[in-house]
Amino acid sequence: MELIHNPSDLYKKLDSARNSGISIGFVPTMGALHQGHGSLAQKSVAENGLTVCSVFVNPTQFGPNEDFDKYPRTLTEDCAILEALGVDIVFAPEVAHMYPEGHSEVQFGLKNMDKILCGASRPGHFNGVMQVVTKLFNLVLPNRAYFGEKDFQQLSILRRLAQELFFRIEVIGCPIVREDDGLAMSSRNRYLNAEERQQALFLSRALQMTQEMAAKGASITDINQSVIAFAGQFSLIRLDYFDIRRSADLSAPDSLAPSDLPRAIIAAFCGSTRLIDNMPVFA
Ligand code: AMP
């Protein structure tokens, strides 16, 4: 496995692979890797001749009061994990490589999808995500790119971006990897103390409750009220939002219909750590 920091070195390496007809799989990450990231890398390694994994904590997707400075940076451990999984190249650029001095920050916006849910709570977040993913896509020019359903809204936005801007890249969504007790794996879980770790189960439990209520014919309003009441039982939880959206375009249905593939999506602060999760309403 090769560790590359500089985009021009990456070009050279990938151009020769591409010219010899090898398919390139790409897994963008912010590092502090866990088995969720590992599942994406594994799938890419299985499906492509060469896999590139990027490790880059992207400053433009963090708000001014968010955790950019304290976000865990564990490149040595990350490289060991990726090498064991058979990844060929780790691309870990510096901020100055991705945003050279004098850059003018191309702005990205969709009509709706990036303004709702996490976009409403974290203004500018998805602009930063679309900026960095577009740059990375153009640097790597992969055949396939792998993203987790853990960030369901991000996956929906990036699918739309790739489709509308004619990126010739297949965007592939991968299932959420969870801890044994149901907590979705996240790099931010390492911020949680023991009590917060216990209460973080609120998110996956609220989503399971949604599935159980929907199976019994409950309405969206009833489910919303129950989730809000359930949050009240967790002293360290502050619900940011809970919502049910159609999978295809994240629009809000008036009622629950399995044909809409409705998805329950949740964000909550657990102590000072913001966590997200989602599940299909009809399992
Ligand atoms: P991040 O490093 O948090 O930006 O995540 C990089 C990629 O890994 C994104 O496509 C995430 O959706 C995906 N990912 C993060 N956590 C999980 C998980 N628990 N299961 C599956 N994919 C995940």
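Helix 2 gives the largest share of the shell around the ligand, three residues. Helices and strands here are DSSP runs (H or I, at least four residues, for helices; E, at least two, for strands), numbered from the N terminus. The model is a predicted one, so to speak with its own ground rules: local features need pLDDT of at least 70, side-chain atom pairs count only at pLDDT 80 or more, and totals for chains, interfaces and linings use all residues. Residues are numbered from 1 along each chain as its sequence is written, and side-chain values use heavy atoms, with hydrogens and water left out.

The shell holds 16 residues, and His37, Gly148, Asp151, Val177 and Met185 come nearest to the ligand; a residue counts as near if one of its heavy atoms lies within 4 Å. Three polar contacts stand out for a closer look (pairs of N or O atoms within 3.5 Å; within protein, one must be able to donate a hydrogen and the other to accept it, and residues adjacent in sequence count only if both atoms are side-chain atoms). Oxygen atoms of the ligand are met by polar side-chain atoms of His37, at 2.9 Å, and of Asp151, at 2.6 Å. With Val177 the backbone does the job: an N or O atom there sits 2.9 Å from a ligand nitrogen. The ligand on its own exposes 490 Å², and the protein buries 92% of that (accessible areas by the Shrake-Rupley method with a 1.4 Å probe; for residues, only the protein chains shown count as cover). Strand 2 (24-29), helix 2 (35-47) and strand 5 (144-148) are the elements giving two or more residues to the shell. Sorted by class, the shell has eight nonpolar, six polar and two charged residues (nonpolar: Ala, Val, Leu, Ile, Met, Phe, Trp, Tyr, Cys and Pro; charged: Asp, Glu, Lys and Arg; polar: the others, Gly among them).

Then there is the empty space. On a 1 Å grid over the protein atoms alone, a cavity is a set of points where a 1.4 Å probe fits but cannot get out, whereas a pocket is an open set with protein on both sides within 12 Å along at least five of seven lines; lining residues have an atom within 4 Å of a point. Grid points are joined across faces, edges and corners, and a volume is the space filled by probe spheres set on the points. The second largest pocket has a volume of about 250 Å³. Its lining runs to 17 residues, with Val55, Phe56, Val57, Arg73 and Pro93 nearest the centre. One cavity of 30 Å³ or more turns up. The largest cavity encloses about 60 Å³, and strand 9 supplies the largest share of its lining, three residues.
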